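Here is a short report on one structure. It covers open and enclosed space, a strand pair, and three residues.

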Amino acid sequence: MSRPVLAASIAVFRDGKVLLAQRGKAPARGLFSLPGGRIEPGERMAEAVLRELQEEVGLTARIAGFVDHVEHIEHSPDGALVAHAVICAFAGYWTGGEAMISDEAQALLWVDPLDPGDLPMTRGLPDILRKAQQLIARETGQAA
């Protein structure tokens with residue numbers, strides 16, 4: 001790995017719930033996270049996250065805004081770098097499709113963004129969900 005991977009994810013809201021996907025591939029296989037993936041060369045972050053959402057879980061969405069970035073750095077027990085990604089997290093609204101599992105998303109759940117339950121999650125996900133909920137609440141004029 002010569003440099004960090006740039007990726008994007010999206011907190012998709014539908015009827016007050018947000019979609020979480022259980023990762024089917026490394027890194028973080030088996031953990032729940034937001035749908036998303038790598039940004040391809042020449043692709044804008046917003047384009048990438050909407051493409052990944054469609055490819056990974058079969059949904060379409062409208063982006064409400066940028067939430068935050070997450071740095072994922074993972075080392076093996078011997079200290080070797082296994083993964084390094086910078087993930088740009090967005091929030092948005094579901095506009096179509098029904099969530100479908102895939103090799104990248106082995107389970108899908110619509111959860112309360114402020115109380116997602118006791119799921120095994122990627123590090124920092126509860127904070128991203130809280131920030132995404134605040135962004136959506138500001139945009140819709142609702143209390144967070």
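The largest pocket holds about 850 Å³ of space. Of its 34 lining residues, Ala7, Arg23, Pro27, Ala85 and Ile87 are the closest to its centre. A pocket is an open set of points on a 1 Å grid over the protein atoms alone, with protein on both sides within 12 Å along at least five of seven lines; lining residues have an atom within 4 Å of a point. Grid points are joined across faces, edges and corners, and a volume is the space filled by probe spheres set on the points.

The model is predicted: local features need pLDDT of at least 70 and side-chain atom pairs pLDDT 80 or more, while totals for chains, interfaces and linings use all residues. Residues are numbered from 1 along each chain as its sequence is written, and side-chain values use heavy atoms, without hydrogens and water.

Strand β6 gives the most to the pocket lining, with six residues. β1 (5-14), β4 (36-38), α1 (45-57), β5, β6 and α2 each supply at least two. Helices (H or I, at least four residues) and strands (E, at least two) are DSSP runs, numbered from the N terminus.

The whole structure has one cavity of 30 Å³ or more. Its volume is about 30 Å³. In a cavity, a 1.4 Å probe fits but cannot get out. The lining consists of Ala21, Gln22, Arg23, Ser33, Leu34, Pro35, Glu56 and Glu104. Strand β2 (residues 17-23) provides the largest share, three residues.

The two linings divide by class as follows.

| Lining | Nonpolar | Polar | Charged |
|---|---|---|---|
| Largest pocket | 18 residues | eight residues | eight residues |
| Largest cavity | three residues | two residues | three residues |

Ala, Val, Leu, Ile, Met, Phe, Trp, Tyr, Cys and Pro count as nonpolar; Asp, Glu, Lys and Arg count as charged; the others, Gly among them, are polar.

Next, the strand pair. β5 (residues 60-75) and β6 (residues 81-96) run antiparallel, joined by 14 bridges. Two strands pair if DSSP finds at least two bridges between them. His72 stands opposite Ala85 in β6. The β5 and β6 hairpin has five residues between the strands, and Gly79 takes a positive phi near 95 degrees there.

Now the cavity-lining Ser33. Ser33 sits in strand β3 (residues 32-33). Its relative accessible area is 14%, so Ser33 is buried. Buried means under 20%, exposed over 50%, and partly exposed in between (1.4 Å probe, protein chains only). Which residue's side chain makes a polar contact with that of Ser33? Thr122 does, at 3.3 Å. A polar contact is a pair of N or O atoms within 3.5 Å; within protein, one must be able to donate a hydrogen and the other to accept it, and residues adjacent in sequence count only if both atoms are side-chain atoms. Beyond four places in sequence, Ser33 is in contact (heavy atoms within 4.5 Å) with Leu19, Leu20, Ala21, Arg23, Thr122 and Leu125.

Thr122 lies in the loop between β7 and α2. Thr122 counts as buried because its relative accessibility is 17%. Arg23, Ala28, Leu31, Phe32 and Ser33 touch Thr122, leaving out residues up to four places away in sequence.

Leu119 is in the loop between β7 (105-111) and α2 (125-140). With 22% relative accessibility, Leu119 is partly exposed. Leu119 and Phe32 are 87 residues apart in sequence, yet 6.9 Å apart in space, C-alpha to C-alpha. Leaving aside neighbours within four places, the contacts of Leu119 are Leu20, Phe32, Leu109 and Val111.
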